[in-house]
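Me: I am new to this structure and would like a close look at a single part of it. Please take me through that part slowly, and then show me how it fits with the rest.

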Amino acid sequence: MLEKVELCGVNTAKLPVISSEETDELFLRAKSGDKAARERLVEGNLRLVLSVIQRFAGRGENADDLFQVGCVGLIKAIDNFDVSQNVRFSTYGVPMIIGEIRRYLRDNSAIRVSRSMRDTAYRVLQAREKLQREQQRDPTVEQIARELDIPREDVVMAMDAVVDPVSLFDPIYSDGGDAVTVMDQVRDTKNTDEDWLERIALKEAMAKLTPRERHILALRFSDGKTQMEVSSEIGISQAQVSRLEKNAIKAIKRQI
């Protein structure tokens with residue numbers, strides 16, 4: 001995601017670095033209303049934003065958008081940081097930046113997912129990355145569930161919830177000719193438009209039969225009964241059943 005050096009017009013290879021002593025001094029000035037000091041704090045901590053958005057790499061998100069949102073989180077962290085606490089700014093700022101990005105992803109997702117579900121998904125992703133580093137291979141769903149002490153079903157549901165939707169017309173393969181799309185792989189060859197038209201025509205043709213003809217066809221082709229069984233049930237001869245059945249089928253064919 002961060003292959004390009006420039007993000008939102010900022011050359012990330014040349015981001016300034018400020019020492020902890022300078023950071024403390026700038027915070028004191030910024031809290032006193034020095035806008036230049038506040039701006040210097042923002043510029044000097046952009047590397048925090050860069051490190052955070054790398055955690056969201058490989059998820060199809062636009063790096064420029066994430067960088068901008070991360071900068072919003074950084075500014076909020078700077079404005080709300082309590083200099084009287086014995087805490088490094090990065091310790092306070094990184095969670096603020098992560099939270100801002102997560103809110104953005106939750107609110108701008110193509111499919112709305114509950115906050116708790118999305119939070120679980122990010123915990124799952126972090127656990128998976130941790131286990132990958134430790135095991136040097138992809139962990140199973142069961143291993144992730146044990147790592148987080150949550151049911152296996154919660155892991156599966158959380159991962160499914162944050163998968164971006166795919167268009168049915170997205171190409172998935174091409175050998176130089178017509179591309180094969182998702183639709184080609186998942187389309188229903190049974191319930192096609194042609195089948196719907198045939199079903200409508202059949203329904204209309206059936207409606208024009210007599211009640212007895214419809215009853216005979218239902219017994220024969222829905223219930224699977226023989227002509228003898230039908231004749232016994234409705235009280236007519238097997239020859240009459242055969243004649244009514246043939247006439248009904250001919251009438252349906254003419255209508256279709």
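What covers the buried residues of helix 7?

Reply: The model is a predicted one, and that should be kept in mind throughout. What covers the buried residues of helix 7 includes helix 6 and helix 8. The residues of helix 7 that are buried are Gln143, Ile144, Ala145 and Leu148. As a general point, an α-helix has 3.6 residues a turn, so residues three or four places apart point the same way.

Consider next how helix 7 meets helix 8. The two pack with their axes 8 Å apart and at an angle of about 105 degrees, and helix 7 and helix 8 are therefore roughly perpendicular to each other, because angles of 65 to 115 degrees count as such. On the side of helix 7 the contact is made by Val141, Glu142, Ile144 and Ala145, while helix 8 contributes Arg152, Val155 and Val156. Sorted by character, the residues of this contact of helix 7 with helix 8 comprise 5 nonpolar and 2 charged, with no polar ones. Ile144 and Ala145 thus appear twice in this account, since they are buried in helix 7 and also take part in the contact with helix 8, where buried means under 20% relative accessible area.

The loops on either side of helix 7 also deserve a look. Gln136 lies in the loop between helix 6 and helix 7, and its phi is positive, near 60 degrees, in a residue other than glycine. After helix 7 comes Asp149, whose phi is likewise positive and near 60 degrees, and Asp149 has its place in the loop between helix 7 and helix 8. Most residues other than glycine have a negative phi, which is the background for pointing these two out. Gln136 counts as exposed because its relative accessibility is 67%, and Asp149 counts as exposed because its relative accessibility is 70%.

Helix 7 can now be placed in the wider chain, which has 13 helices and 4 strands. Of the 256 residues in the chain, 31% are buried. The largest nonpolar core has 40 residues, and those with the most contacts inside it are Phe56, Leu74, Phe89 and Ile101. Helix 7 (141–148) is one of the elements that give two or more residues to this core, and others among them are helix 6 (115–135) and helix 8 (152–161). Helix 4 gives the most to this core, with 7 residues. In soluble globular proteins, nonpolar side chains tend to be buried together.

Leu66 is found in helix 4, and Leu66 is buried, with a relative accessible area of 0%. Leu66 and Leu50 are 16 residues apart in sequence, and their C-alpha atoms are 9.3 Å apart in space. For the chain as a whole, 53% of the contacts between residues at least 6 apart in sequence join residues at least 24 apart.

Another helix pair can be set beside the first. Helix 11 (residues 211–222) and helix 12 (residues 227–234) pack with their axes 10 Å apart, at an angle of about 135 degrees, and that makes helix 11 oblique to helix 12. Their crossing is right-handed. Here His215, Ile216, Leu219 and Arg220 of helix 11 meet Gln227, Val230, Glu233 and Ile234 of helix 12, and the residues of this contact divide into 4 nonpolar, 2 polar and 2 charged.

Methods. Residues numbered from 1 in each chain as written. Predicted model: local features only at pLDDT ≥ 70, side-chain atom pairs only at ≥ 80, totals over all residues. Heavy atoms only, no water. Axes fitted to C-alpha atoms, helices over the stretch in contact; angles between N-to-C directions. Parallel < 35°, antiparallel > 145°, perpendicular 65-115°, else oblique. Left-handed = near helix turned anticlockwise from the far one by under 90°. Contact = heavy atoms within 4.5 Å. Nonpolar A, V, L, I, M, F, W, Y, C, P; charged D, E, K, R; others polar. Core = buried A, V, L, I, M, F, W, Y, C linked by side-chain atoms within 4.5 Å. Buried < 20%, exposed > 50% of the residue type's maximum accessible area, 1.4 Å probe, protein only.
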